[in-house]
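Reader: I should like a close look at one part of this protein, namely its two sheets and the helix that packs on them. Please set that part within the whole and relate it to the surroundings of the ligand.

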Amino acid sequence: MKPPKFEYHAPSTLDEALALLARYNGDAKLLAGGQSLVPLLNFRLARPAALIDLNRITSLAYIREHDGHVRLGAMTRQRAIEFSPVVARRLPLLREATRWVGHLPIRSRGTIGGSIAHADPSAEYPAVLTALEGEVVARGPKGERTLSSGALFETYLTTTLAPDEILTEVRLPVMPEGAGWAFEELARRHGDFAIVGVAAAVWRSGGRVTARLATAGAGGTPRRLRAAEEIVERDGLGAAAIEAAGRRASELVEPDADIHASADYRRHLAGVLTERALKRAAERAA
Ligand SMILES: Cc1cc2nc3c(=O)[nH]c(=O)nc-3n(C[C@H](O)[C@H](O)[C@H](O)COP(=O)(O)OP(=O)(O)OC[C@H]3O[C@@H](n4cnc5c(N)ncnc54)[C@H](O)[C@@H]3O)c2cc1C
């Protein structure tokens, strides 16, 4: 199918894009990589009066290390993240998760801002944002605000971003030296969205273990598995504790059933993948 008619704008600055959003008063859509939006238009599931293309706003594409964080401009392509030396060194969990995102042509166009703003619960980046306690920056007519993952994701494909706001930046704390990481997921075919995915990071400091776990595909939003993290933080990274954390993870998630999998199967997967991710992360942790 072809998309319904829309007006097209390609501003070259963020201010112009914000002014256009305000002009259409909620009836325009931002176009980033188009990898989710264009199929929605073609199926006529989205019928905006206008598209505001962000691709000419070059100031929105960057990867910078600053003040203990890696800052990624919203228009940074997934492919740039996959090959960034800063990401490889400072955020290996993000790099590993990126390899699970679609196929090469999708990652060449798809952006981190688009992926997070789209809020597909099976997407990898929202889970990484949640596990690493990152934040996003949104700009609107009233200025800039910073949102945690909990404040951003509302439910399936829905965020708390206002229709006149643009997600401009993603900020992720640098992972500590010696941290171990793993992103585990099950998808039917390579490149498909995850049925369930689990992001894990662990590190030791001063004899204490810190663990970070978050899911994709196990509910309407990414879910932090705090009670499972607490098990390994208390009992260490041995096999018994990791197994117990996996069991706890499957109790913590509240997945829905859909054509791809039952809720019970997703719950089971959350446990199995948590255990696998923790095991691999622990092996990598110095
Ligand atoms: C076959 C296929 C397989 C895929 N597999 C995966 C996968 O395994 N994992 C995965 O995570 N993704 C997958 N994707 C989706 C892909 O990663 C997209 O790149 C991503 O979901 C959206 O990013 P985008 O830059 O293309 O955004 P677009 O499609 O351009 O936009 C998506 C939505 O976000 C909004 N938006 C975009 N940028 C901003 C912004 N800066 N501020 C506010 N709102 C904004 C748009 O208005 C739109 O509503 C797949 C896509 C395809 C076609």
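Author: The account below begins with the whole chain, proceeds to the sheets, and ends at the ligand.

This is a predicted model, in which local features need pLDDT of at least 70 and side-chain atom pairs count only at pLDDT 80 or more, while totals for chains, interfaces and linings use all residues. Residues are numbered from 1 along each chain as its sequence is written.

The protein contains 12 helices and 14 strands; helices (H or I, at least four residues) and strands (E, at least two) are DSSP runs, numbered from the N terminus. Three domains are distinguished: domain 1 (7-53), domain 2 (58-172) and domain 3 (180-284), with bounds that come from an automatic or database domain assignment. Between the C-alpha centres of domain 1 and domain 3 there are 35 Å. Along its principal axes, the C-alpha trace spans about 60 × 45 × 35 Å. The radius of gyration of the protein is 19 Å, which agrees with the value near 19 Å for a compact globule, because the chain has 286 residues. That radius is taken over C-alpha atoms, and the globule rule is 2.2 Å times the number of residues to the power 0.38.

Strands of a sheet pair through backbone hydrogen bonds, either parallel or antiparallel. Here two strands count as paired if DSSP finds at least two bridges between them.

One open sheet has three strands in the order β1-β3-β2, and its pairing is parallel. Its edges are β1 (7-9) and β2, each of which pairs on one side only. On average, neighbouring strands of this sheet are turned by 25° against each other, direction ignored. Strand β1 is joined to β3 (residues 50-53) by three bridges, in the parallel sense; Glu7 has Ala50 of β3 as its bridge partner. Helix α1 lies across β1, β2 and β3 and runs at about 170° to β3. Axes are lines fitted to C-alpha atoms, for helices over the stretch in contact, and angles run from 0 to 180 degrees between N-to-C directions.

A further open sheet comprises five strands, ordered β4-β5-β10-β6-β7, with antiparallel pairing. Strands β4 (63-66) and β7 (143-148) form the edges, each pairing on one side only. From one strand to the next, the twist averages 25°. Helix α1 (residues 14-24) packs on this sheet as well, touching β6 (135-140) and β10, and its direction makes about 125° with that of β10. Contact between two residues requires their C-beta atoms, placed from the backbone, to lie within 7 Å.

Within the five-stranded sheet, four bridges connect β4 with β5 (residues 69-73), and the two strands run antiparallel. Arg64 is paired with Arg71 of β5, and Glu65 stands opposite Val70 in β5. The hairpin of β4 and β5 has two residues between the strands, and in it Asp67 takes a positive phi near 55°. On to β10, β5 pairs in the antiparallel sense over five bridges, with Leu72 opposite Val170 in β10.

The ligand is surrounded by 30 residues, the closest being Gly33, Gly110, Gly114, Ala117 and Ala123; a residue is near the ligand if its C-beta atom, placed from the backbone, lies within 6 Å of it. Both sheets contribute to this shell: β2 (28-31), β10 (166-173) and helix α7 (112-118) each supply at least two residues. The largest share, five residues, comes from α7. At least three residues are drawn from each of domain 1 and domain 2. By class, the shell has 15 nonpolar, 12 polar and three charged residues. Ala, Val, Leu, Ile, Met, Phe, Trp, Tyr, Cys and Pro count as nonpolar, Asp, Glu, Lys and Arg as charged, and the others, Gly among them, as polar.
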